[in-house]
Amino acid sequence: MTFSTFRTIFATMLHLRFLVFLSALTISYNSVGQQCSLVVKGRVDDVHHEHGLEYATVYIEETGQGAQCDESGAFEIKEVCRGKYHFQVSHLGCESKSFYVSVNRDTTLVFSLEHHSQMLSEVVVSENRSRTGIGLQHYTVAEAILNRQQGKDLASIASTIPGVSVLRTGNSLGKPIIHGLYGTRVQLLNQGIPQEGQQWGIDHAPEIDASTAQKISVIKGSAAVKYGVAAMAGVVLLEAAPIKADPHVHGHVNLSYLTNGRVAQQQFLLENTTSFARMRLTGSTSYGGDQKTASYYLTNTGNRQAAASLLMTNDAGSSFYRSLYGSFYYSETGILRGAHVGNSTDLEAAIQREIPFYTADTFSYHIHAPRQRVQHWLIKSEIKKQVNDRLRLGLDAAVQVNKRQEYDVRRGGRDSLPALDLALYNIWADAYIQFEKTEHSRFTLGLQPRFNNNSNTAGTGIYPLIPNYTLFNPALYASWLMKWKAFDWEAGARIEMYDLRASYIDRLGVQYQPHRNSINQAYSFGFSREMGPQWQVKSNLSLLIRAAQVHELYSNGLHQGLAALELGNAQLGNEKSLKWSNDVRFQPGEESQLSLSLYWHYIRDYIYLAPTLENRLTIRGAFPVFAYRQDDVSLRGFDFLWHQGIDHSWEINTKAAYVKGSYTDGSGDLIYMPPLRLGTEVAKTFEPFSGIKDLRTALEIQYTARASTQTRITDYAAPPPSWYMVNLSVGAKYEKKGFKTAFQISVDNVLNTRYRDYLNRLRYFADDLGRNVKMSIKLIF
Amino acid sequence: MKFTKYTWLLFASLFIFSCDPDDPEPVNEEEVITRVTYTLTPQGGGSTVSLVFSDPDGDGGTAPVITGGNLALGKTYTGVLTLLNEAANPDEDITTEIEEEGEDHQFFFSVSSGLTDAFELAYTDADAKGNPIGLTTELTTKKAGTGTFRVTLRHQPNKTASGVKNGDITNAGGETDVEVDFPVTVL
């Protein structure tokens, strides 16, 4: 009798450093059967509940043989020939999975499906015993949603999770806001690596193509112990799914077209396992032109994007795991022409306009100034060594290069000369050691050095807004996880050196070389408790001390978009943050889940850009002066999510998120806080018929309230009124032996509602997008 | 997967990296305007008036120096605008640049309440399409008063929009390259 184990790995389960393996055990029987009389039987399980999935189907792609599971999830396929097969396992509403198994004898297979995520087609609360903190809320965008959102930017995808909003500069440039904070207070992790870009400006979108990741999730809460002080408000994670051990080339090609902006997109993914490595290649391109509001074109809002990535790993189950990852991202984005102003008189005139200046009557693919062009490279390697049952060592290292060029409307044919030209080089590494006594008891100690070099490329003809600088930022962190009295507890601490050297020159030719050395600290304490299968409670308290960053200290120049002079403040002290986040999850039945997050975030000496009373007279007129300053603020809010399924066919998903940000001295609210958002989606999934399965239609209604008018800082224009948005979508899969496609038609803003989004900087000048129909087709092989 | 073996090298390199930022290079601000001069020469004799706005160190630093002037009532002046960039080395005459890109530029003139109806102004130049630029003008003083006289230069205005050709800035759009106020008295 031989005993062989075949491992399958689940797409959704790779989280942070630990891979969770789900095994399909093949237990062979004594059998002398003939070549084609083998019996394959087994069970299809739900990963989360370890019970069988009733009426799941299992079929062998190569032969077309198949079976449906009974109520206990058991199946049996008879008269199977010897050979290697792709087993296709599916369940109503689930993303079907393929397993490559060799059948030499009568075989018993146990397949596990992530039923959970498919049932909760909106968002899923992950159960990861991660190094990020046990009490933190970790939400993952379900695979089905990820498929539906294909082609959108990262921030939009992340905003399907309540509590996450998007700060925009037009439709193509968006950055995620978590619990009211964004930019250098939200960390983006691309394949485990902190994304390093120019994140100081609100028009700086993260330089990532979301389609290179198979899993996108959000940690709402301070994960600073593990990822540094930039994770103050939360983390957005892009992760790769493990690559299956399948010697054939598998993958998909996705083609889509969006009517608004006439955007054509393609995206592909190829996977293959060879003796050298398991490999995955992804690539995408997008080409779009002027977008349109309900009634007019947004001239010069086209976008080009190209991205590629290559991942090579060995078996993720190996005790010595190695991986190498490289990615490239390029984008060129036009900024609405009518949003470009010369001084505050122009700004006022532009805000007063019903339809922006320069609005063309016709559509165009051309991108003129103002525009920006961004490139990002990443190379990363990861090593994990399981020394023995208790000891694990890991080393991650990455190099990133980021180039940003911004072009303004300029005189004398200088439109093609960048007004801002920055190159950022980053090296980052994480070396850690982990002792694991049991699953509930673990100690981690890590050393995480980081080095940045940011330089202005000469020749712009403009004094740079941000000085040249280097940052040496090594960190030491430790976290301890334990189980005590039915609670999982975790405590962590991190200490960072923050050595910043800047260099800039003034108009008289005098060079300044300020040097600041500070210490950042982060402490975290949290617990998690499950009460029966229905309830889960999480809580986390994080304290963080963060030194002022380079743009807050030394920026100096004109912010063209808002006709304001921005001045750094070299006198800034540390910012202290205390965030308490709580999460309650209630799962009364298989088809129902409620989750509520409550948080309270107090920031002492919060660093932000605020207008001063000064108006500086220049030859172009007077400009308001904005300077960085510090105040005590608090952010309080909740996120709510309710999924209700009915008879495995209908589902109702309801979301709500609210945050109130205000000054603790009672002087008013904080500006640019996301307004209250509510949304409900009603969806129906139909029974499969004639090869069409997972036919799902959905109607979504979103309500966004008016933002606070009680802000301490007076905005250029009053917050726009509340608005409703109606979205529709239909998607299905068509599967016939060896041929699989998925198609999707979705209509955003069905009613072509005219609205302005408070969090879109272009709201001062123009309406937001009108109706947008997206058609996409995916070929899976 | 041999590459990954060398990860430690990368790790080690972090500690031997140079920590000094690149030296900033001096910026040649070719586009900046530091001096605007509006020279008003009376037709038929009289004293020439020069309205000057000068800010040689650009935005920030020392405050700009503004020179106003007194104009005689009932006279017609020939107005000539010159723009200079003293930040470039050598000084750069921006006037020619504006002239060459005439279709993309237009000057506008306006007054504060103290000078309402004090002037009549006419463009005396034109770009390739026959629309005014405003580098040369004819200014007639009609009424006595004291106030500020504003000169605005717009880049890429919509010259075909209503009123723009006649000097009305309301529908012009474009970015402001110059916006300077001069104290002026007509007596």
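These legends go with close-up views of a predicted model, first around one strand of chain A and then where chain A touches chain B.

**View 1. Strand S33 of chain A and its pairing with S32.** S33(A) takes in residues 487-505, and S32(A) covers residues 475-484. The two run antiparallel, with 10 bridges between them. To get your bearings, find A:Tyr477, whose bridge partner in S33(A) is A:Arg494. The hairpin connecting these strands leaves 2 residues between them, and A:Lys485 there has a positive phi, near 50°.

**View 2. S31 against S33 in chain A.** Here we look at strand S31, residues 468-472, which is joined to S33(A) by 5 bridges. This pair is antiparallel too. A good landmark is A:Tyr469, sitting opposite A:Ala502 of S33(A).

**View 3. S33 and S35 of chain A.** S35(A) spans residues 515-531 and pairs with S33(A) through 14 bridges, again antiparallel. Look for A:Leu500, which faces A:Arg516 of S35(A) across the pairing. While you're tracing side chains, keep in mind that in a regular strand they alternate between the two faces of the sheet.

**View 4. The turn from S33 into S34 of chain A.** S34(A) is just residues 511-512, and it makes 2 bridges to S33(A) in the antiparallel sense. One of the pairs to pick out is A:Ile505 with its bridge partner A:Gln511 in S34(A). The hairpin has 5 residues between the strands, and A:Gly509 shows a positive phi near 85°.

**View 5. Where chain A meets chain B.** On the chain A side 63 residues make contact, and on the chain B side 57 do. Together the chains bury about 5100 Å², with carbon and sulfur atoms giving 60% of that area. Which three residues supply more of chain A's buried area than any other three? They are A:Arg411, A:Arg507 and A:Ile619, which provide 18% of what chain A buries against chain B.

**View 6. Salt bridges and polar contacts between chains A and B.** The interface holds 8 salt bridges. Among them is the one between the side chains of A:Arg410 and B:Glu31, at 2.7 Å from N to O. Polar contacts link 19 residue pairs across the two chains, counting those with both residues at pLDDT 80 or more. As for the make-up of the chain A side that touches chain B, 31 of its residues are nonpolar, 19 are polar and 13 are charged.

Notes:
Residues are numbered from 1 along each chain as its sequence is written. Chains are lettered from A and ligands numbered from 1 in the order in which they are written. This is a predicted model: local features need pLDDT of at least 70, side-chain atom pairs count only at pLDDT 80 or more; totals for chains, interfaces and linings use all residues. Side-chain values use heavy atoms; hydrogens and water are left out. Two strands pair if DSSP finds at least two bridges between them. Helices (H or I, at least four residues) and strands (E, at least two) are DSSP runs, numbered from the N terminus. Contact means heavy atoms within 4.5 Å. Buried area is the accessible area (1.4 Å probe) that two parts lose on being put together, summed over both. A salt bridge is a side-chain nitrogen of Lys or Arg within 4 Å of a carboxyl oxygen of Asp or Glu. A polar contact is a pair of N or O atoms within 3.5 Å; within protein, one must be able to donate a hydrogen and the other to accept it, and residues adjacent in sequence count only if both atoms are side-chain atoms. Ala, Val, Leu, Ile, Met, Phe, Trp, Tyr, Cys and Pro count as nonpolar, Asp, Glu, Lys and Arg as charged, and the others, Gly among them, as polar.
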